[in-house]
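Here are a few short exercises to work through with the model open beside you. Try each task before reading its solution.

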Amino acid sequence: MRVGSWRQVWGRRAVLGIPYVWLLLFFLVPLLIVAKISISEIRVGVPPYEPLLEFADGAFIGVRATVTNFVLLFEDDLYVSAYFQSLTIAGVSTLLCLLIGYPMALAIARARPERRPPLLLLVILPFWTSFLIRVYAWMGILKDEGLLNGVLMWLGVISEPLVILNTDTAVYIGIVYSYLPFMVLPLYATLEKLDPSLLEAAADLGARPIRAFWSVTLPLSVPGIVAGSLLVFVPAVGEYVIPDLLGGGDTQMLGKALWDMFALNRDWPSAAALAVAMLAALALPIALFQKWQSKLDNPEGQE
């Protein structure tokens with residue numbers, strides 16, 4: 001092999017290998033550490049869990065592992081309730097983001113080309129501010145003496161302040177506001193690529209705009225709907241800041257339960273088990289989406 005070809009081959013391998021090394025160091029290795037802690041036994045000390053490998057007089061004795069931490073997740077009503085409440089809040093929030101974000105993405109995709117960049121900038125603009133500051137701003141808006149109640153009382157819509165803060169409603173508002181761009185952007189990327197001639201053909205065949213939308217636009221935008229839903233649902237399940245600041249004592253989600261176990265109870269093995277179980281549950285819909293997407297890209301199974 002010539003020197004130039006050898007350098008080209010190894011250059012390509014180095015470029016392709018950097019992402020894999022990054023994933024290995026900053027994803028796989030931390031995940032393995034958490035998995036190791038999840039099958040360890042709790043103890044009082046630093047760190048607050050027993051070593052997985054036992055040694056005596058410098059000799060290896062065996063592995064000290066347990067699945068009790070995972071069993072506890074299904075036996076303790078607190079964790080079961082937090083799991084189902086997280087799924088419920090994340091699912092409803094994803095649906096609300098879809099109902100709000102789809103018309104926004106469709107309007108941007110059908111706007112004139114020179115207007116699309118400013119409209120997309122308005123969608124991305126909240127990311128220029130700290131996530132924590134935006135959540136704190138919603139606390140000021142939703143509290144009893146906040147902006148929302150003040151405006152409603154000034155307009156005469158209500159006679160006394162509404163209790164919104166520290167409720168599930170506030171959590172829904174915070175999640176929808178925070179994750180709405182993650183729904184709009186994938187939908188826009190899909191809708192912007194749709195061929196307008198398909199809608200013209202549907203109109204020529206006698207389909208009204210609403211019928212053309214249900215028969216042409218909506219089916220072709222399914223990949224964007226699925227991608228946006230995953231981008232909202234997956235982080236919303238493990239959300240901690242929004243439920244902690246906007247939710248009440250009855251709002252118990254997995255992210256808040258993880259923090260309580262790690263920081264307050266110092267029960268690292270149970271917290272690690274909950275994190276592994278949550279990751280395994282979220283990996284399933286992502287794997288199904290990738291499989292479905294590969295079938296769409298390669299419908300005949302061609303290489």
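**Exercise 1. Find the annotated domain and describe its span.**

Start with the record: an unreviewed UniProt entry annotates residues 83–289 as "domain: ABC transmembrane type-1". UniProt positions follow the numbering used here, feature names are shortened, and annotations may be inferred rather than shown by experiment. Next, look at the geometry: the end C-alpha atoms of residues 83–289 lie 22 Å apart, and the span is 76% helix and 0% strand. Helices (H or I, at least four residues) and strands (E, at least two) are DSSP runs, numbered from the N terminus.

Some ground rules before going on. This is a predicted model, in which local features need pLDDT of at least 70 and side-chain atom pairs count only at pLDDT 80 or more, while totals for chains, interfaces and linings use all residues. Residues are numbered from 1 along each chain as its sequence is written, and side-chain values use heavy atoms, with hydrogens and water left out.

**Exercise 2. Which elements have the lowest and the highest mean pLDDT?**

First take the whole protein: its mean pLDDT (the predictor's confidence in each residue, from 0 to 100) is 86, and 93% of its residues reach 70 or more. Then go element by element: strand β2 (residues 59–63) has the lowest mean, 71, and α7 the highest, 94. Where pLDDT is low, the predicted coordinates should not be read in detail.

**Exercise 3. Work out how α4 and α7 are oriented to each other.**

Begin with the axes, which are lines fitted to C-alpha atoms, for helices over the stretch in contact, with angles from 0 to 180 degrees between N-to-C directions. Helix α4 (residues 116–124) packs on α7 at about 155°, with the axes 9 Å apart. The two helices are therefore roughly antiparallel, a label for angles over 145 degrees. Finally, list the contact (heavy atoms within 4.5 Å): R116, L120, V123 and I124 of α4 meet P181, V184, L185 and Y188 of α7.

**Exercise 4. Where do N166 and R266 lie, and what sign does phi have there?**

N166 sits in the loop between α6 (147–155) and α7 (168–191), and its phi is near 65°, a positive value in a residue other than glycine. R266 is in the loop between α12 (254–264) and α13 (268–297), with a positive phi near 60°. Most residues other than glycine have a negative phi. To finish, check accessibility: N166, at 46% relative accessibility, counts as partly exposed (from 20% to 50% relative accessible area, 1.4 Å probe, protein chains only). R266 is also partly exposed, at 36%.

Terms used: Parallel < 35°, antiparallel > 145°, perpendicular 65-115°, else oblique.
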